[in-house]
Amino acid sequence: MEIKKAVLYCRVARLSDEEKEQENQVARFKQLFGYEPTEIYTDIGKSGRDNNRPEYRRMIDDALSGKIDYIAVKCLAKFNRDLEATINVLRQLVAKGVGVFMMNEDLDTLRQPPIIHVALIEMLERAVKHK
């Protein structure tokens with residue numbers, strides 16, 4: 001699959017953290033992929049358990065409507081801390097052919113075989129049932 005629009009998602013605690021975190025994540029993105037993200041979605045002061053974060057929601061909606069091919073995020077916890085919501089969103093994105101790459105965990109839904117997706121989702125489901 002050719003990646004046409006790869007974006008970066010950042011979630012930061014404070015406005016004062018935004019610029020530095022974006023710089024760090026863009027640099028890491030460029031190091032890994034060889035180019036800059038086409039867009040950066042950033043939520044400031046929003047909990048990862050809140051699934052109605054404005055930029056997160058806009059990014060997911062854009063991805064599901066075919067405007068994004070690939071999402072990169074620092075780590076799974078920055079993407080979403082609600083395990084049930086994570087499972088649902090990953091399933092929807094994978095079904096639409098949208099890749100998600102969690103840089104710290106080196107998890108990439110485009111590079112890893114489907115069995116890894118299934119194992120990750122099953123692991124998250126077990127964690128939800130046992131919390």
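Arginine 58 counts as partly exposed, at 32% relative accessibility; here buried means under 20% relative accessible area, exposed over 50%, and partly exposed in between, with a 1.4 Å probe and protein chains only. Please note that this is a predicted model, in which local features need pLDDT of at least 70 and side-chain atom pairs pLDDT 80 or more, while totals for chains, interfaces and linings use all residues. Residues are numbered from 1 along each chain as its sequence is written, and side-chain values use heavy atoms, without hydrogens and water.

Arginine 58 forms a salt bridge with glutamate 39, with the closest N and O atoms 2.9 Å apart. The term requires a side-chain nitrogen of Lys or Arg within 4 Å of a carboxyl oxygen of Asp or Glu. Arginine 58 lies in helix 2 (residues 54–64) and glutamate 39 in strand 2, so the pair ties together parts that are 19 residues apart in sequence. Helices (H or I, at least four residues) and strands (E, at least two) are DSSP runs, numbered from the N terminus.

Which residues do shared salt-bridge partners join into one network? They are Lys5, Glu39, Glu55, Arg58, Asp62 and Lys67.

Lysine 5 also forms a salt bridge with glutamate 39, at 3.3 Å between the closest N and O atoms. Lysine 5 lies in the segment before strand 1, and glutamate 39 in strand 2, so this pair ties together parts 34 residues apart in sequence.

Turning to the sheet, five strands form an open arrangement in the order 2-1-3-4-5, with mixed pairing; two strands pair if DSSP finds at least two bridges between them. Strand 2 (39–44) and strand 5 (107–108) are the edge strands.
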